[in-house]
Amino acid sequence: MSNSSEVPIRDSMIRLGQLVKLANLAEDGVEAKELIENGLVKVNGEIEERRGRQIHPGDSVTVNGVTVTVVPA
């Protein structure tokens with residue numbers, strides 16, 4: 001099984017907290033918030049602690065060694 005997958009989004013961007021939930025990298029919004037605030041989420045290889053960070057197609061997000069890449073739907 002690959003540690004990388006694609007997550008299609010309909011809009012031009014998605015907030016980091018929403019993406020973590022959408023990609024099933026967290027059970028719910030509370031867990032997503034905790035993962036982000038604790039520095040366990042990377043955007044394009046760099047730790048991101050802002051839940052509202054805008055993620056666009058082409059960006060990659062990594063949580064616990066699992067990476068997802070945002071693509072247009």
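1. Start with P72. Setting aside neighbours within four places in sequence, P72 is in contact with P8, I9 and P57. This is a predicted model. P72 belongs to strand β7, which covers residues 66-72. P72 is exposed, and its relative accessible area is 58%. The exposed class needs over 50%. S12 is 60 residues away from P72 along the chain, yet their C-alpha atoms are separated by 7.6 Å.

2. Next, the sheet. Five strands make an open sheet with mixed pairing, and their order is β1-β7-β6-β3-β4. Which strands stand at the edges? They are β1 (4-9) and β4 (46-47). Each has a single partner strand, so one side of each lacks a neighbour in the sheet.

3. The β6-β7 pairing. Strand β6 spans residues 60-63 and pairs with β7 in the antiparallel sense. Four bridges join the two. For the register, S60 stands opposite T69 of β7.

4. V68. Again leaving out neighbours within four places in sequence, V68 is in contact with S5, V7, L19, A23, L25, D59, S60 and V61. V68 is also listed among the residues with the most contacts inside the largest nonpolar core.

5. The core itself. The largest nonpolar core has 19 residues. Besides V68, those with the most contacts inside this core are L16, L19, V20, V41, I55 and V61. Two or more residues come from each of β1, α1, α2, β3, β6 and β7. The general pattern is familiar: in soluble globular proteins, nonpolar side chains tend to be buried together.

6. The buried side of α2. Helix α2 runs over residues 29-37, and A32, L35 and I36 are buried in it. These residues cover an arc of only 95° around the axis, which puts them on the same side of α2. An α-helix has 3.6 residues a turn, so residues three or four places apart point the same way. What covers the buried residues of α2? The cover includes α1 (16-22), β3 (41-43) and β6.

7. The ends of α2. At the start, a side-chain oxygen of D28 comes to within 3.1 Å of the backbone nitrogen of V30. Just after the helix, G39 has a positive phi of about 75°.

8. To recap by element. β7 holds the exposed P72, and this strand also gives two or more residues to the largest nonpolar core. β6 pairs with β7 and helps to cover the buried residues of α2.

Conventions: Residues are numbered from 1 along each chain as its sequence is written. This is a predicted model: local features need pLDDT of at least 70, side-chain atom pairs count only at pLDDT 80 or more; totals for chains, interfaces and linings use all residues. Side-chain values use heavy atoms; hydrogens and water are left out. Buried means under 20% relative accessible area, exposed over 50%, partly exposed in between (1.4 Å probe, protein chains only). Contact means heavy atoms within 4.5 Å. Two strands pair if DSSP finds at least two bridges between them. The arc is that of the directions from the helix axis to the C-beta atoms. A polar contact is a pair of N or O atoms within 3.5 Å; within protein, one must be able to donate a hydrogen and the other to accept it, and residues adjacent in sequence count only if both atoms are side-chain atoms. A nonpolar core is a set of buried Ala, Val, Leu, Ile, Met, Phe, Trp, Tyr and Cys residues joined through side-chain atoms within 4.5 Å.
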